[in-house]
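Student: I would like to go through this structure with you and learn why its parts are described with the words they are given. Could we take the helix packing before the ligand?

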Amino acid sequence: MNHFQYKNDVLFCEEVPVAEVAAAVGTPFYLYSAATLTRHFQAFDSAFSLPHITCFAVKSCSNIALLNLFGKLGGGADIVSGGELFRALKAGVDPKKIVYSGVGKSEAELRFALQSNILMLNVESHQELETLQEVASSLGVTAPVSFRVNPDVDPKTHAYISTGMAKNKFGIPIQDALNSYVTARQMSNIKIVGVSCHIGSQLTDVSPFVESLQKVKSFVERLRQEGITISYLDLGGGVGIRYSDEEPPLPAAYAAALEREMQGLDCSLVFEPGRVIVGNAGILVTKVLYTKEGGKKFVIVDAGMNDLARPSLYDAYHAIKPVVRTNSEEETVDVVGPICESGDFLCRGRKMPAYTRGDLLAVMSAGAYGFSMSSNYNSRPRVPEVLVDGSNFHIIRKREDYESLIAGELIP
Ligand code: LLP
């Protein structure tokens, strides 16, 4: 359930007509619903009865207003860069609820994380472990470590966002991970606190999660036999959402399936959900600039692949709805952006109501990996982000201007 609904053919976000925001901020823009964000966060977080921390995956939508909201709801943050750590801290997230994943953390990033006193670093290679030991020693601190293990499980999702198979770059192969723990145990500035894994994104079936947990569980038992105990088991993110007709597991079903496997494992759980919380809590609003007919009919809008990369990058489906419904006839069109590439489309060959110049369109399910993956390609200023809360709306990121495009550039 989300709070983007029609009332008398007019699309509302909570109590605010979407067109009213468009009139105030111009197009394109991202629009999020605070009630939906809260609802999705709480539905996920309260689905678990075992001790756990819900660390929102910052990469999915990084605006500090959202990170602040989840922090207030008791959530933490899953980060993958120094920049994301900076955001989470600025947003007021408790550092003791921040976990840091990623295959390529630099020394400077490791230092920043240690100085910030975060909950744990999910280490993904032996060389990273050695570097972390050196950095921690130079700072005179102990690094809380969890190894990200790669369980070699097929998450049955798009190849680009599958991360837990042997052929993927992520984590340490689970069969080799015992060595890493045994080595880490002897390091003076490393403290072993957990085991982590994240197998992929937009999973619509719980079975790969269960399969991976079973493998991780046997591994934790093996660690115990070696006298290594852990406090945290980080199961990553990955729960999918409905973009069109997918039937992803509800948080309750996901939680029940995992908790069933958790019996006897005496540790706290960490989750890193992103999409399942923000995906359907945000839309991208764009305006029809022109229509034209060539080999086919094109609806040219003012948002492009630089604003929402998912259709171009993954051939992802996003529903496109009118901001004001009319009973115009349907036609089959490509909705395309202004970018100079044929890969710049929001949808292709889709049947929709006939649109004309000036019509506002809502690109649905755009809250996750929408704004956070946007760029300035074609020197297009990035669009504003707006947060609706009841009958009010707040600009939580201003539209960039031309000056911001060249900020930091120098002519020698
Ligand atoms: N934890 C780690 C270590 C991750 O790499 C990710 C996502 C998450 C958690 C959150 O996964 P989620 O719950 O959102 O599925 N740009 C792609 C998705 C990339 C996912 C990257 N990692 C897309 O637009 O579909």
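Tutor: Let us do that, keeping in mind that this is a predicted model. Helix α8, residues 207–225, packs against helix α9, residues 251–261, at an angle of about 25°, and their axes are 10 Å apart.

Student: Why are α8 and α9 called roughly parallel to each other?

Tutor: Angles under 35 degrees count as roughly parallel, and the angle between α8 and α9 is about 25°, so α8 and α9 are roughly parallel to each other. Their crossing is right-handed. On the α8 side the contact is made by Phe209, Val210, Leu213, Gln214 and Lys217, and on the α9 side by Tyr254, Ala257, Leu258 and Glu261.

Student: What makes a residue of the contact of α8 with α9 nonpolar, polar or charged?

Tutor: The residue type decides: Phe, Val, Leu, Tyr and Ala count as nonpolar, Lys and Glu as charged, and Gln falls among the others, which count as polar. The contact of α8 with α9 therefore divides into 6 nonpolar, 1 polar and 2 charged residues.

Student: Why are α4 and α5 described as roughly parallel?

Tutor: Helix α4, residues 82–90, and helix α5, residues 107–115, pack at about 25° with their axes 9 Å apart; because angles under 35 degrees count as roughly parallel, α4 and α5 earn that description. The crossing of α4 and α5 is left-handed. Here Gly82, Leu85, Phe86 and Leu89 of α4 meet Glu109, Phe112 and Ala113 of α5, and by class this contact has 5 nonpolar, 1 polar and 1 charged residues.

Student: What makes α5 oblique to α6?

Tutor: The axes of α5 and helix α6, residues 126–139, come within 10 Å and cross at roughly 55°. That value is not under 35 degrees, not over 145 and not within 65 to 115, and since the rest count as oblique, α5 is oblique to α6. The crossing of α5 and α6 is right-handed. The residues that meet include Leu110, Arg111 and Leu114 in α5, and Leu132, Val135 and Ala136 in α6.

Student: How do you know that the side chains of Glu331 and Lys297 make a polar contact?

Tutor: A polar contact needs a pair of N or O atoms within 3.5 Å, and the side chain of Glu331 comes to 3.4 Å from that of Lys297, so the pair passes the cut-off. Glu331 lies in strand β17, residues 330–336. Leaving aside residues up to four places away in sequence, Glu331 touches several residues, among them Arg350, Met352 and Tyr355.

Student: Which residues come nearest to the ligand?

Tutor: Of the 19 residues around the ligand, Ser201, Glu272, Arg310, Tyr314 and Tyr369 come nearest.

Student: What makes the approaches of Asp78, Gly238 and Arg275 to the ligand polar contacts?

Tutor: An N or O atom in the side chain of Asp78 is 3.2 Å from a nitrogen atom of the ligand. Backbone N or O atoms are involved for the other two, with Gly238 at 2.8 Å from an oxygen atom of the ligand and Arg275 at 2.9 Å from an oxygen atom of the ligand. These distances are within 3.5 Å, so the pairs count as polar contacts.

Definitions and conventions:
Residues numbered from 1 in each chain as written. Predicted model: local features only at pLDDT ≥ 70, side-chain atom pairs only at ≥ 80, totals over all residues. Heavy atoms only, no water. Axes fitted to C-alpha atoms, helices over the stretch in contact; angles between N-to-C directions. Helix = DSSP H or I, 4+ residues; strand = E, 2+ residues; numbered from the N terminus. Left-handed = near helix turned anticlockwise from the far one by under 90°. Contact = heavy atoms within 4.5 Å. Near = heavy atom within 4 Å. Polar contact = N/O pair within 3.5 Å; in protein donor to acceptor, adjacent residues only side chain to side chain.
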